[in-house]
Amino acid sequence: MRIIKATDYQELSHLAADFFIERVKENPEVTLGLATGGTPRGTYQRMAEDYYKNHTSYSRVSTFNLDEYVGLPADHPNSYHQFMKTHLFNKVDIPAKQRHLPNGVASDITSECLNYERLIEESGGIDVQLLGLGSNGHIGFNEPGTSFHARTHVVELAQSTREANARFFNGIDEVPREAITMGISTIMKSKEILLLVSGEEKAHALRQLLHGDVGEEFPASILTTHQNVTIIADQKALSDVPHG
Ligand code: PGA
């Protein structure tokens, strides 16, 4: 794993956006794996600014998001469909047919998971997957205890995840209890992974990732076995890492 140290969230976002822009320039047909949450917002903002200023085109790029809440329709303000529109899709030129997120209101959720996995495979697989790190070590919505062999599946969200995400809702009671997420095995098949870690509240998780054992109780630990992972972390996130 390569670690790039950023001073703060702003620099992290800048570096992460440049990372993606470079990949898109190298391969205009790149397939990107995208993430939601607080961490990637600055990255998307910088990508949008670059698009506005420099016209980097995404017209042949395909995207697959990591996850979506079960029960929230695409137009729900807290759905990840909506998040992606607000923060990226409405601001750059990725054609709608090339943007993919799991359908959280599919009538047959099991088929939806299989179908999502199939679409990723048919696209040739994910070239670069963006990830955030949960304080409990989750990646996507793969909570502690998820099998490393899991493919796209439905998960019950950990209480700590629902609490962390309650800030985006009018309180925890509104946070869905389940989500569809790419599995760990889906994520590990990505050719390259970019993990963003920002803030003191992630310091413990980053330390565990870099210095702990590999095991399903800390899902992100599997990333240490992937051959092409870059971590961009800011000083606060690195504050608990020896020699960080
Ligand atoms: P965050 O979430 O970016 O909102 O901190 C990351 C995650 O839980 O995967």
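Two strands count as paired if DSSP finds at least two bridges between them, where strands (E, at least two residues) and helices (H or I, at least four) are DSSP runs numbered from the N terminus. The model on display is a predicted one, in which local features need pLDDT of at least 70 and side-chain atom pairs count only at pLDDT 80 or more, while totals for chains, interfaces and linings use all residues. Residues are numbered from 1 along each chain as its sequence is written, and side-chain values use heavy atoms, with hydrogens and water left out.

**The open sheet**

Select residues 67-69, which form strand E4, together with residues 178-181, which form strand E8; these two strands pair in the antiparallel sense over 3 bridges, and within that pairing Asp67 has Thr181 of E8 as its bridge partner. Adding strand E7 (153-156) completes an open sheet of 3 strands in the order E4-E8-E7, with antiparallel pairing. E4 and E7 stand at the edges and have a single partner strand each, so one side of each is left without a neighbour in the sheet. On average, neighbouring strands here are turned by 25 degrees against each other, direction ignored, the axes being lines fitted to C-alpha atoms (for helices over the stretch in contact) and angles running from 0 to 180 degrees between N-to-C directions.

**An enclosed strand**

Move next to residues 229-234, strand E10, where 6 of the 6 residues are buried, so this strand is largely enclosed by the rest of the structure; buried means under 20% relative accessible area, exposed over 50%, and partly exposed in between (1.4 Å probe, protein chains only). Val229, Ile231 and Ala233 cover one side, and Thr230, Ile232 and Asp234 the other, all of them buried. Strand E1 (residues 2-6) pairs with E10 in the parallel sense over 5 bridges, with Arg2 opposite Thr230. Strand E9 (residues 192-197) also pairs with E10 in the parallel sense over 5 bridges, and there Leu196 stands opposite Ile232.

**Thr39 and Ser13**

Leu196 is also one of the residues that Thr39 touches, alongside Tyr9, Ser198 and Lys202, not counting residues up to four places away in sequence; contact means heavy atoms within 4.5 Å. Thr39 sits in the loop between strand E2 (31-34) and helix H2 and is buried, with a relative accessible area of 13%. Select Gly199 as well: Thr39 and Gly199 are 160 residues apart in sequence, yet 9.3 Å apart in space, C-alpha to C-alpha.

Ser13, in helix H1 (residues 9-26), is buried with a relative accessible area of 4%, and its contacts, with the same residues up to four places away left out, are Gly42, Thr43 and Arg46.

**His55**

Is His55 buried or exposed? His55 is exposed, with a relative accessible area of 58%, and lies in the loop between helix H2 (41-54) and strand E3 (62-65). His55 has a positive phi of about 60 degrees although it is not a glycine.

**The largest pocket**

Finish by selecting Gly37, Gly38, Asn165, Arg167 and Phe168, which are the closest to the centre of the largest pocket among the 38 residues that line it. Helix H3 (80-89) gives the most to this lining, with 5 residues, and the lining as a whole divides into 14 nonpolar, 19 polar and 5 charged residues; Ala, Val, Leu, Ile, Met, Phe, Trp, Tyr, Cys and Pro count as nonpolar, Asp, Glu, Lys and Arg as charged, and the others, Gly among them, as polar. A pocket is, on a 1 Å grid over the protein atoms alone, an open set of points where a 1.4 Å probe fits, with protein on both sides within 12 Å along at least five of seven lines, and lining residues have an atom within 4 Å of a point.
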